[in-house]
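Please open the model in your viewer and keep the selection tool at hand. We will take it one stop at a time.

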Amino acid sequence: MLLIKNGRVVDPASGTDAKRDIWIEGDKIARLAPAETSKKSPASANGDTFDATGLVVAPGFIDLHCHLREPGGESSETIETGTRAAVRGGFTAVCPMPNTRPVNDNASVTRAILERAAAVASTRVWPIGAASLGSHGEGLAEIGAMQKAGIVAVSDDGRPIATAKLLRQVMDYCRALDLPVIDHCEDSSLFAGAVMREGRQSVRLGLRGMPAATESIAVGRDIQVTELTGCRFHVAHLSSRDSLDLVRAAKKRGLRVSCEVTPHHFTLCDEDVAYDSRFKMNPPLASAEDRAALVEGLADGTVDAIATDHAPHEAATKEVEFDRAPFGVTGFETALALALELVHAGKLSLTRMVELFTTGPARVLGRKRTIAAGEPADLTIFSTDHPWTFHVKQTASKSTNTPFEGRKFRGAPMATIVAGRMAYRRET
């Protein structure tokens, strides 16, 4: 038995924000009690105690969007190293996208990922399957078989679902399975050859830019097909004000539409881009006005989840000219600290921030996330004040392509419990 004692339990699903003691037996939460009354009970006979005094205890964080690169990209990341980085960031479950080699477009690949995760992963691994065969935008992938094997959603992430016709076929199929469709929203004809967001900074740097409409045009298309099919639709890594407005309007009309925002998009903007490939990601960093809109969306409930889009790349591919470098940045270990910057600035409440990492992403997947007796013992324990500096040489990831090297933070994950097991405990 494990006792988590004297922690401030923040559970958006139940509306709890109070000091509680939590007993864990095996992989389940056994019971909760107010900290002051539970002192009268035996603490943790034949077990361990974690003193969470001064810390927040939240339901286990879920990352809806990441890239673990295995199979096929093990020089950049593996399931073992990626999930080790994830628990250091407070995540108890991660959803790897299907753009592996081979693509996760059939049940055999899904099973291989889950078997490998069972052997080496520090977190729960909930794979996302491809929407189309090979993610090439032609025929449907083996969606039904992959769902039986264990996928939680479908996407062709890394590229958009190619056509409205294909998207309708995917959504019709997934509606019957009650499976969400996640799209990397991008009009490829506007994107072609671009490496950052179009604007004054792209002109100043002489780099080819893509307009914000590259995203919002695709979001508009996808919402219309969602209305046509009644499927659950989720916008991956939303980055622009116009896209956010479309999602907000769709929700008001009762459509089953959701979206996520990444920490790098609500923290940085295109003015931060120089000739440094650590600031190159897709969608690219947007304008300061777009960034402000994303923060508003996080606060007002339009945005459903914070997702990292953790996208590791080995140094040999990333440390080249900006034009030639691949898109993507790592994100597991800095996500919570960046979100806490919004809390400290008064732009986001603590409860709302926890919701964006827990009940929000769970709701997108049709799952529940709460701290209650009988629920899975997945918990994220963090400090809102612990001072630290992120140094990439200390990362658990195999890759170092982060724009946040050397950034000083206030607040950090202190422990991560997965299925009742202490998967991570911060030493300093």
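## First stop: two helix pairs

Select residues 79–88, helix H2, together with residues 107–120, helix H3: in this predicted model, the two pack at an angle of about 60°, with their axes 9 Å apart. That angle makes H2 oblique to H3. Turn the view until one helix lies in front of the other, and you are looking at a right-handed crossing of H2 and H3.

Now move along the chain to helix H13 (residues 335–344) and helix H14 (residues 350–357). Here the packing angle is about 150°, and the axes lie 10 Å apart. Angles over 145 degrees count as roughly antiparallel, and H13 and H14 are therefore roughly antiparallel to each other. Their crossing is right-handed.

## Second stop: a three-stranded sheet

Next, show the strands E6, E7 and E8. They form an open sheet in the order E6-E7-E8, and the pairing is parallel. Which strands stand at the edges? Select 61–66 for E6 and 124–125 for E8: each of these has a single partner strand, so one side of each is left without a neighbour in the sheet.

Keep E6 on screen and add E7, residues 91–96. The two pair in the parallel sense over four bridges. Strands of a sheet pair through backbone hydrogen bonds, so display backbone atoms for this view. For a landmark, pick Ile62 and look across to Ala93 in E7, which stands opposite.

## Third stop: the largest pocket

Hide the sheet and select Arg69, Asn99, Gly158, His313 and Phe327. Of the 34 residues lining the largest pocket, these lie nearest its centre. The volume of this pocket is about 740 Å³. What does the lining look like by class? Colour it and you should find 18 polar residues, with eight nonpolar and eight charged ones.

## Last stop: the second largest pocket

Finish by selecting Arg88, Trp388, Gln394, Tyr424 and Arg426, which lie nearest the centre of the second largest pocket among its 15 lining residues. Strand E17 (379–389) and strand E19 (421–425) are the elements that give two or more residues to this lining. Which of them provides the largest share? That is E17, with four residues.

The second largest pocket holds about 290 Å³ of space. Colour its lining by class too: six residues are polar, five are charged and four are nonpolar.

Conventions:
Residues are numbered from 1 along each chain as its sequence is written. This is a predicted model: local features need pLDDT of at least 70, side-chain atom pairs count only at pLDDT 80 or more; totals for chains, interfaces and linings use all residues. Side-chain values use heavy atoms; hydrogens and water are left out. On a 1 Å grid over the protein atoms alone, a cavity is a set of points where a 1.4 Å probe fits but cannot get out, and a pocket is an open set with protein on both sides within 12 Å along at least five of seven lines; lining residues have an atom within 4 Å of a point. Grid points are joined across faces, edges and corners, and a volume is the space filled by probe spheres set on the points. Ala, Val, Leu, Ile, Met, Phe, Trp, Tyr, Cys and Pro count as nonpolar, Asp, Glu, Lys and Arg as charged, and the others, Gly among them, as polar. Two strands pair if DSSP finds at least two bridges between them. Axes are lines fitted to C-alpha atoms, for helices over the stretch in contact, and angles run from 0 to 180 degrees between N-to-C directions. Angles under 35 degrees count as roughly parallel, over 145 as roughly antiparallel, 65 to 115 as roughly perpendicular and the rest as oblique. A crossing is left-handed if the near helix is turned anticlockwise from the far one by less than a right angle, and right-handed if clockwise.
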